[in-house]
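Student: I would like a close look at a single part of this model, with its surroundings described carefully enough that I can follow along in the coordinates. Please take me through it in one connected answer.

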Amino acid sequence: MNEVVTTIVRWSLRLIVIAMGVVLFLSLLVAAGVLAMAWSLRALWARLTGRPVTPWVMRMDPRHGFSTVYRSTARWTAHTAEQARHRGSRPRDVTDVQPREIRQ
């Protein structure tokens with residue numbers, strides 16, 4: 001009896017996974033079809049109105065964000081004591097500590 005149940009469970013899981021794969025494939029196919037249809041309509045409209053067919057471009061360079069952060073080291077680096085003295089900001093509430101021997 002256990003073999004029958006495990007066989008049914010295995011086949012049902014296989015069918016579910018295959019169905020999920022088919023649904024994913026079909027949804028990607030429909031999305032690509034909609035995108036192709038939109039591009040075709042846009043190109044057709046450009047030809048009908050006499051304008052040149054311009055490609056869809058990414059107006060933002062993804063490397064620009066990385067280079068902005070990479071070059072702005074002043075914002076992300078720690079301030080050294082020399083930089084703090086240069087700015088004139090000295091901590092006034094720091095007190096000196098006298099070291100003592102550790103009792104055992």
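Tutor: Two rings of Phe, Tyr or Trp, the six-membered ring being used for Trp, are counted as a pair if their centres lie within 6.5 Å. By that criterion the structure, which is a predicted model, holds 0 aromatic pairs. What does lie over the face of Trp-11 is Arg-14, at 5.0 Å from the ring centre.

The part to look at closely is helix H1, which takes in residues 2–49 and has 48 residues. From its first C-alpha to its last, H1 reaches 70 Å, and this is close to the 70 Å expected at 1.5 Å a residue. Ile-16 lies in this helix, and because its relative accessibility is 47%, between the 20% limit for buried and the 50% limit for exposed, Ile-16 counts as partly exposed. Ile-16 also belongs to a nonpolar patch on the surface, formed together with Met-1, Val-5, Val-9, Leu-13 and Met-20, and these residues together have about 640 Å² of accessible area. At the other end of the element, H1 is followed by Gly-50, a residue whose phi is positive, near 85°.

To set this helix in its context, the secondary structure of the chain comes to 4 helices and 0 strands, with the elements running α-α-α-α from the N terminus on. Of the 104 residues in the chain, buried residues make up 3%, while the accessible surface of the chain comes to about 11000 Å², with 64% of that area belonging to carbon and sulfur atoms.

How values were computed:
Residues numbered from 1 in each chain as written. Predicted model: local features only at pLDDT ≥ 70, side-chain atom pairs only at ≥ 80, totals over all residues. Heavy atoms only, no water. Helix = DSSP H or I, 4+ residues; strand = E, 2+ residues; numbered from the N terminus. Expected span 1.5 Å × (residues − 1). Buried < 20%, exposed > 50% of the residue type's maximum accessible area, 1.4 Å probe, protein only. Areas by Shrake-Rupley, 256 points an atom, 1.4 Å probe, with all protein chains shown as cover. Patch = residues over 30% accessible without salt bridge, like charges linked within 9 Å, V, L, I, M, F, W, Y side chains within 5 Å. Salt bridge = Lys/Arg side-chain N within 4 Å of Asp/Glu carboxyl O. Phe/Tyr/Trp six-rings, centres within 6.5 Å; stacked < 30°, edge-to-face > 60°. Lys NZ or Arg CZ within 6 Å of the ring centre and 35° of its normal.
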